[in-house]
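User: I am a first-year student and would like a close look at one part of this model. Please take the helix packing in the second chain and explain each term as you go.

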Amino acid sequence: MKTFRIGRFFTVLGGLVLALSAHAQGTSRDIKIVLATVLDTAEPCNMMTTNDTGIVLRQNIVESLTQLDPKTGVVQPLLATAWKPVDEAATTWRITLRKGVKYHDGSDFNAEAVAAAITRLFSPQLGCRDRIRLFGKNTLTSKAVDSHTIDLISEQPLPLMPAYLAQIGMTSPKMDSLKLSRHPYGTGPYQLVSWDPSQNLIVKRFDGYWGPKPEVQQATYIWRSEPALRASMVAVGEADIGTAIALQDANNPKTDFGYLNTETTRIRFLSMSAPLNDVRVRKALNLAIDRKAFVGTVLSPSAMPASQYTLPNIVGYNSALKVWPYDPNQAKQLLKEAKAAGVPVDKEIILYGGAHQHANAAELLESMVKMWQDVGLNVSLKMIEKVQFGAMRRKPYAENRPPTLFHEQHDNSSGDAIFTMNVYYHSSGQLGDLNDPRVDKLIEEGSKSVGEKRAQLFQEVNKIVQQDIVPDAVLFHMADQIRISPRLEYRPNFTSGGKLELKDIKFKK
Amino acid sequence: MNRYLVQRIIYSCVSLVGLVVLVFFLARLTGNPADLYLPINTPIEIREEFSKLHGLNDSVWVQFGQYASNLARLDLGESLRQQRPALTIVLEAFPTTLMLSAYAMTLVLAISIIAGSLAARKPNGLFDRIVSLIALASASIPNFWLAIVSVLVFSVWLQWLPTSGTGSFAHWVLPVLVLTIRPCGIIAQVVRSSMIDALSSAYVKTARAKGVRKRSIIFVHALRNAMLPVMTVAGDQAASMINGAVIVEMIFGFPGIGKLMIDSISNREFVVVQAAVIVVAVVIFIMNILIDFTYVMLDPRIRHD
């Protein structure tokens, strides 16, 4: 009898412990996020160009002077409250800074701190990727006007300075400018607690934050390369958010959400040699692709066939342009006409793709090759490794190159089409082979314009590119899948692939 | 024996030098790390400036000369992505792999020696057939399938064990078991064959005739003589594990050297790859020397002179 009572006591006690721990997890304000890649850098000046670093740092630990509205792409204040160009050429911008902001290390956020952050960004020893991507050969210097007003001076006109400022992290002036940081200090709502590259990175709420106090108290980031594992971890409660889960694992509509990210894919035609130098062949390549067939099968149901190489919320997007229709008969007719005119339409064309581009990339390209073969084109596929792929895509191109196609993916989260056009459509762009004076002139004029005029000029470029020149087959605005624990109130937006703001995460009541 | 030890160390050093040279030159055939590190649209001038700053533009012979002179000072270089010493990065990852390998090999030897020895007692008997079948199946199962299925069954469906990570004893159960199964199957078969030979030898018949207990005959007299080929195969399996159980590390999120090497090769982090190769090679050379000494312990007739 005594043994029975003791046994019953421990059973009840054990049950109580389990119930309490489940309840504790349910009421805990700490969350765990599982990322797809190892976080091997926590350097803020690389956070725009390293996805998982951006997810951890951007607007969580390190904030920028401005931010882009995820829905409209409009620039909004953040650490800067106002901005205006000082000269007509927009090489100098006067920025008014927010007062009462402190860094995690106790430093004051002011004009001096902004100057230090800009200097750090351009430090040759750091080799900041974000700086290279944003500015290229251009330079940016600063001059304090008073404690909370600063002039930013660019060597070349920068009418888009406010959008650029959304992509530069304001790091603490005490951070070393000669070495990549392993403990970033910013002004964000969270500060770094610890980082073990073999295990995890932990951030906790910064009590001195200038803005509203977020609900999440502490976030632990871990990394698992296997997408099925990331999905399983959320399913069994080991994590609260699993990023970049595979399409085939997104089988629970209550926890799994697809969302458009900032990537758009295309097939680029290197149009230097026959048959790709004939516009009928290039149009036929577009018409032969059944883009809708891939959505919900090989690609996420949230992916969207695209009409141009920028997202709909980007300045310069031309909403009058339509996605190329699927019309294999018209494609065959165009090829017949081209052949009759002496174009060698059955010459082998090689399509280069990289499995690293996105999930199911190989399957997508294999299906596309079959679609082209069905209309009479002779296309073969080569999947190659990323270093080789990068070298082949970039200028200078090899001489006497055979007819070549590239499957490419482009991320424009910067709110303006110039970031696409300068690289892919201007004759000086590293990743294009257009040499059209009309297009160059429109892009150059657009880059110096502002407002509606700028948008119209870039829309015209998109129209000429899609309808006259046809240098590519723009494919899809891509989507990612994310799994979110039922205890959280959070929905991803198109920036969530590179930025996951903890302050947007709430707990269900 | 001392002469033998010195000889082995010299041969190992020669092998190590050859390996380092081979890895150095082969790695540099795969492309410029700047191509991966820098954004794709980097202007040519900036690309060249970056390559110059990091010595990537120098001829491969100049780079090798620089590397060799740094190596003489035990400076294995600095990671481009992390700007940290490559040796530090490798030594952070290696203990996890070593521990994983040590636990797995201990389990492998225990299970395969017992199972193989008992199976050899009655060749073609029921127990022998069962062990042979299981051993064959174990040796044939792909690790990645086993890892994913074990997570599905034990972590997701049954929720008995965590899915991944290294926090507690429970975290190590699945990775160690997955890593154990294949070598267990291979070594059990080797033990079985070796023990069948040993158990049919004259000294065993004599021991039986003298009334020595079955357990002693198997695990004391016969096993010792059967262990030589087993140690060879076990050493080979252990070397594979020390090289990095990549699949297990990736599936279970173990921050080991296998995953580090794959990531470094993928990112063209040459110095980290080289540092990892050196560290792993040194450990394997030490392990091989220890195995040689084990041979002498098992069979005093063997002399390494």
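Analyst: What follows describes how one helix of chain B packs against two others, and then turns briefly to chain A.

The model is predicted, so local features need pLDDT of at least 70 and side-chain atom pairs count only at pLDDT 80 or more, while totals for chains, interfaces and linings use all residues. Residues are numbered from 1 along each chain as its sequence is written, and chains are lettered from A and ligands numbered from 1 in the order in which they are written.

The helix to look at is α12 of chain B, residues 257-266. Helices (H or I, at least four residues) and strands (E, at least two) are DSSP runs, numbered from the N terminus. One partner is α13(B), residues 270-298: the two axes are 9 Å apart and the packing angle is about 150°. That makes α12(B) roughly antiparallel to α13(B). Axes here are lines fitted to C-alpha atoms, for helices over the stretch in contact, and angles run from 0 to 180 degrees between N-to-C directions. Angles under 35 degrees count as roughly parallel, over 145 as roughly antiparallel, 65 to 115 as roughly perpendicular and the rest as oblique.

On the α12(B) side, the contact is made by I257(B), L260(B), M261(B), S264(B) and I265(B). On the α13(B) side, V272(B), V273(B), A276(B) and V280(B) take part. Two residues are in contact if their C-beta atoms, placed from the backbone, lie within 7 Å. By class, these residues are 8 nonpolar, 1 polar and no charged. Ala, Val, Leu, Ile, Met, Phe, Trp, Tyr, Cys and Pro count as nonpolar, Asp, Glu, Lys and Arg as charged, and the others, Gly among them, as polar.

Another partner is α5(B), residues 86-121, whose axis comes within 8 Å of that of α12(B) and crosses at roughly 140°. That makes α5(B) oblique to α12(B). Here V90(B), A93(B), F94(B) and T97(B) of α5(B) meet I257(B), G258(B) and L260(B) of α12(B). This contact has 5 nonpolar, 2 polar and no charged residues.

Chain B also touches the other chain: 33 of its residues are in contact with 34 residues of chain A. In chain A, α4 (129-135), α6 (227-235) and α10 (386-393) each supply at least two residues of the side that touches chain B. That side of chain A divides into 13 nonpolar, 11 polar and 10 charged residues.
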